[in-house]
Amino acid sequence: MSFAGLKKQFNKANQYMSEKIGGAKGTELDDDFVEMERRIDVLGKLVDDLIAKTHEFLQPNPASRAKMSTRNAISKMRGQEQRMLYPQPEGTLGDHMHKHGSDLGVESVFGACLVEAGESFKHLAEIKYNLEDNVKQNFLEPLNQLQNKDLKEVNHHRKKLSGRRLDFDCKKRKKDKGAAGGSNVTEEELRVAEDKFEESKNLAENAMHNVLENEVEYISQLQAFIEAEVDYHRQALNALQSLLESLDEKRNEAASRPRSEHIPRRVGSVRRSESPNSYDGPNDGPNDGYDMGGKSGSYAFNNIQTPSYHQSVPDTKKKPTVRALYDFVAENDGELGFQEGDMIDLISQVDENWYEGSLHGQAGFFPINYVEVVNPL
């Protein structure tokens, strides 16, 4: 920094302390300028809140947002292009409806209804993704540009104006004290400081005016957001209305079917059978057959097998491993599914809720509370 620059910084600090502590009066700007500054401050807070709350509106689950942010950060560190999408609840519900409806079989009308409902809810999830893309492109991106470019430029000019105002007031105060106070500020220095102060005020005022007068564009962006919402709800209504009509038809179909009578079959897994050693008369010995207080017979138990319990114990002495306590179904790309009792090799702990591990040659993420640690990391 040059000597002139250092001197200017000293003047600004001197004037600032004089105003805050010594009660010195600084140059007051006109009321219109002060009002424009107030509106710019309000606009800055408004943009910050709208961006944050719109993200929460589109992705309301904070746990899913945190998980998605963590996964995307890990992918970015690894140089991977794939980004995790926010798991829409409609899509998750649709997947489970479709799965259980298929499990009921093709003869179940209720199962067919669940499958169709699942497809409709997965379609709702796709509509929601389209809504997210539309809102981000036409509403959030312009707000981000306003926040990171226009308002940032305005605040830069305001900060520069504040510094030049302090420098001018300091030189003016020293000049007013005169030579008796030891001032060496010349008329030329004071005029140059005043010109720079005036220049910064004009730049800041014009920048604030341009931002504040751009309301037509701001209204258009808000209108695009509302149009995206209307389009989303219109498509969702059409999908659900079509599903409702189809369910009504299937309900009538199920009601028109004759009820079939069902007769339970007799239990055939345990039966009494004749045996060469069965009781033939009083001449038989007490050890012939099975003694039941004077009556004996042999019983054959068919289809009853004694289960054999076998559990393989993997070699876990040399690497970190965990044992699955419950089944975990992978619902998103990058997650690692497993079944109760599986031994999973640990790779790393992502955060307080998620591990990264591998099973059967496949790596992925899984929740910590679904496993117990056998060998820690």
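Student: How many residues does helix H4 have, and what distance does it reach from its first C-alpha to its last?

Tutor: This is a predicted model. A helix can be checked by setting its span beside the value expected at 1.5 Å a residue. Helix H4 covers residues 89-104, which makes 16 residues. H4 reaches 23 Å from its first C-alpha to its last, close to the expected 22 Å.

Student: Which residues of H4 are buried?

Tutor: Glu90, Gly91, Gly94 and Gly101. They lie on the same side of H4, because they cover an arc of only 95 degrees around the axis. Pro89 and Asp103 are on the other side of H4, and they are exposed.

Student: What do the buried residues of H4 pack against?

Tutor: Two helices: H5 (109-177) and H7 (215-256). Just after H4 comes glycine 105, whose phi is positive at about 100 degrees.

Student: How does helix H2 read by the same check of span?

Tutor: H2 runs over residues 31-58 and has 28 residues. From first C-alpha to last it reaches 40 Å, close to the 40 Å expected at 1.5 Å a residue. Its buried residues include Phe33, Met36, Ile40, Leu43, Val47, Ile51 and Leu58. Glu37, Gly44 and Thr54 are also among the buried residues of H2. What covers them includes H5, helix H6 (187-212) and H7.

Student: In what order do the helices and strands of the chain run?

Tutor: The chain holds seven helices and seven strands. From the N terminus on, the order is α-α-α-α-α-α-α-β-β-β-β-β-β-β. Of the 377 residues of the chain, 30% count as buried. Now take contacts between residues at least 6 apart in sequence: 66% of them join residues at least 24 apart.

Student: What is the order of the strands in the open sheet?

Tutor: The general idea comes before the case. Strands of a sheet pair through backbone hydrogen bonds, in either a parallel or an antiparallel way. Here five strands form an open sheet in the order S6-S5-S4-S3-S7, and the pairing is antiparallel. S6 and S7 (371-375) stand at the edges with a single partner strand each, so one side of each has no neighbour in the sheet. From one strand to the next, the twist averages 40 degrees.

Student: How many bridges support the pairing of S5 and S6, of S4 and S5, and of S3 and S4?

Tutor: S5 and S6 pair over six bridges, S4 and S5 over four, and S3 and S4 over three. To place a bridge in the model, take a residue and its partner. Glycine 357 has glycine 364 in S6 as its bridge partner. For aspartate 345, the partner is serine 358 in S5. Arginine 323 is matched with methionine 343 in S4.

Student: What joins S4 to S5?

Tutor: A hairpin does, through four residues. Further along, the loop between S5 (354-359) and S6 (362-367) holds histidine 360. The phi of histidine 360 is near 55 degrees, a positive value in a residue other than glycine. Histidine 360 is exposed, because its relative accessible area is 75%, and over 50% counts as exposed.

Student: How many aromatic pairs does the structure hold?

Tutor: Eight. A pair is read from the distance between ring centres and the angle between ring planes. For phenylalanine 139 and phenylalanine 225, the centres are 4.8 Å apart and the planes at 25 degrees, so the pair is stacked. Phenylalanine 139 is in helix H5 and phenylalanine 225 in helix H7, so the pair links distant parts of the chain, 86 residues apart. Both of these phenylalanines are buried.

Student: Which arrangement do phenylalanine 328 and tyrosine 370 show, stacked or edge-to-face?

Tutor: Edge-to-face, with 5.3 Å centre to centre and 70 degrees between the planes. Phenylalanine 328 is in the loop between S3 (321-324) and S4 (343-349), while tyrosine 370 is in the loop between S6 and S7, 42 residues apart.

Student: Are phenylalanine 328 and tyrosine 370 buried or partly exposed?

Tutor: Phenylalanine 328 is buried, because its relative accessible area is 11%. Tyrosine 370 counts as partly exposed at 28%. Ring pairs link both residues into a cluster with Tyr326, Phe338, Tyr355 and Phe366.

Terms used
Residues numbered from 1 in each chain as written. Predicted model: local features only at pLDDT ≥ 70, side-chain atom pairs only at ≥ 80, totals over all residues. Heavy atoms only, no water. Buried < 20%, exposed > 50% of the residue type's maximum accessible area, 1.4 Å probe, protein only. Expected span 1.5 Å × (residues − 1). Arc of directions from axis to C-beta. Contact = heavy atoms within 4.5 Å. Pairing = 2+ DSSP bridges. Axes fitted to C-alpha atoms, helices over the stretch in contact; angles between N-to-C directions. Phe/Tyr/Trp six-rings, centres within 6.5 Å; stacked < 30°, edge-to-face > 60°.
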